[in-house]
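Visitor: I am new to this structure. Please pick one part, look at it closely, and lead me outward from there.

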Amino acid sequence: LSALTRENLLYKEMLLNLIPSFIVEKLLQQKVVQPKAYRDCSVMFADVVSFSKIAFHLDPVSLLRRLDQYFSAMDRAARPFLIEKIKTIGDAYMAVSGIPNRRPSHAVDAALSVLHMLAALKRLTTTPQMVGSLDVTNWNFRFGMHSGPCIAGVLGSSRYLFDLWGDTVNIAARMESVGQGNVLTVSEAAQKHLAPFFQLRYVGEKSVKNIGEVKVYLVDRLLPEYSADADGLVPNAAFLTRYVTEFFDGPGKPARSTMPPFFQSLLSAA
C-alpha cells in the first residue's frame with residue numbers, strides 16, 4: 001500500500017473508533033452530517049457509585065486501568081445486541097439502541113444487553129481492597145434507561161462528536177442518577193416495552209426537571225417462562241418465538257437479517 005492509502009485507512013479507522021460507522025462515510029464524503037430525528041429508541045446511561053470517593057483513594061493510573069476494564073467489558077456486552085456506544089465522560093457511559101436503523105425491539109435489546117453487562121462486570125470481581133467500608137477495587141454501577149424520540153447527529157466541523165439530544169436523553173440520565181447499584185432502573189415508557197419479557201419491580205415516582213413525576217421500575221431478569229437459565233440472562237425458545245413474531249415477522253416490520261447477532265445465533269442453534 002502507498003503511504004497515502006495507509007494514511008487514509010488509518011484516518012478512517014480512527015473515525016470508526018470515535019464515531020458510529022453509519023456517520024463516518026457521510027463525513028468523509030460530505031464533511032457535514034445533518035442531525036436526524038428518530039421516533040423511537042432507547043437511551044442508556046451508567047456510572048460508578050461513589051466514584052469521587054474511589055478516585056480519592058486510588059492513584060490515577062490504577063483508577064483509569066480499572067475503569068478501562070469495566071468499560072471494555074460493557075463494550076463487549078453491548079456489541080452482540082447492536083447497542084451503539086455514544087461516549088464516555090469521566091465514569092459515565094452512554095449508549096443507544098434503535099439507531100440508525102429502526103428496530104422495534106430496541107428496548108428489549110438494550111435491557112438484555114444491560115443484564116449481560118452487569119454479569120460481565122460481576123465476573124471482574126477480584127480481591128477486595130477496603131478503605132473503611134469502601135471497596136476501591138470492586139465497583140458498583142448504576143444503570144438507567146428511557147425509551148422515546150430523540151435527535152442524533154454531529155455538530156461542528158472539527159473534533160467530531162456524535163451525540164443525542166432531547167427529553168429522552170434527559171430522562172434516561174435521570175433514571176441512572178436515581179438508580180441503585182448493580183441494577184437497571186427504567187422509566188414507565190421503557191417498562192411498557194419490557195413488561196412482556198422481563199421481571200420488573202415498581203419503586204415509585206421520581207421528579208424529573210422540566211418533565212414532572214416519572215414512574216420508576218427496576219429490571220431484575222427475564223421472566224422465568226422466557227429464560228433458559230436460572231439467572232434470567234439467556235432467552236429460551238418461547239422468548240425467541242415471541243420476540244421474532246412481535247418485532248420482525250409481518251408487514252411493515254424490519255427483516256430478520258436486521259436482528260441483533262445475539263438473537264440470530266440463538267435461532268441458528270435452536
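**From one residue outward**

Guide: Ile 89 is exposed, with a relative accessible area of 56%. Exposed means over 50% relative accessible area, buried under 20%, and partly exposed in between, for a 1.4 Å probe and protein chains only. This is a predicted model: local features need pLDDT of at least 70, side-chain atom pairs count only at pLDDT 80 or more, and totals for chains, interfaces and linings use all residues. Residues are numbered from 1 along each chain as its sequence is written, and side-chain values use heavy atoms, with hydrogens and water left out.

Ile 89 belongs to strand S2, which covers residues 84-89. Helices (H or I, at least four residues) and strands (E, at least two) are DSSP runs, numbered from the N terminus. Now jump along the chain. Asp 47 is 42 residues away from Ile 89 in sequence, and their C-alpha atoms are separated by 9.4 Å. Asp 47 sits in strand S1, residues 36-48. Asp 47 is buried, with a relative accessible area of 13%. What does Asp 47 touch? Leaving aside residues up to four places away in sequence, Asp 47 touches Asp 91, Ala 92, Asn 140, Phe 141, Arg 142 and Glu 176. A contact here means heavy atoms within 4.5 Å.

Follow Glu 176. Helix H6 spans residues 167-177, and Glu 176 is among its buried residues. The others are Thr 168, Val 169, Ile 171, Ala 172 and Met 175. Seen down the axis of H6, these buried residues fall within an arc of 170°, so they line one face of the helix. The arc is that of the directions from the helix axis to the C-beta atoms.

Next come three strands. S10, residues 212-222, has S8 and S9 as partners. S8, residues 183-187, runs antiparallel to S10, with 4 bridges joining them. Strands pair if DSSP finds at least two bridges between them. In S8, Val 186 stands opposite Tyr 217 of S10. S9, residues 198-208, pairs with S10 over 10 bridges, also in the antiparallel sense. There, Gln 199 stands opposite Arg 221. S9 and S10 form a hairpin, with 3 residues between them. In that turn, Asn 210 has a positive phi of about 70°.

S10 also leads to helix H8. It is one of the elements covering the buried residues of H8, along with helix H5 (106-122) and helix H9 (261-269). H8 itself covers residues 237-247, and its buried residues are Phe 239, Leu 240, Tyr 243, Val 244 and Phe 247. They share the same side of H8, because they cover an arc of only 120° around the axis. An α-helix has 3.6 residues a turn, so residues three or four places apart point the same way. Ala 237 and Thr 241, on the other side of H8, are exposed. Look too at the start of H8. A side-chain oxygen of Asn 236 there reaches to within 3.1 Å of the backbone nitrogen of Ala 238.

Finally, step back to the whole protein. Its secondary structure comes to 9 helices and 10 strands. Of its 270 residues, 46% count as buried. Among contacts between residues at least 6 apart in sequence, 65% join residues at least 24 apart.

How values were computed:
Polar contact = N/O pair within 3.5 Å; in protein donor to acceptor, adjacent residues only side chain to side chain.
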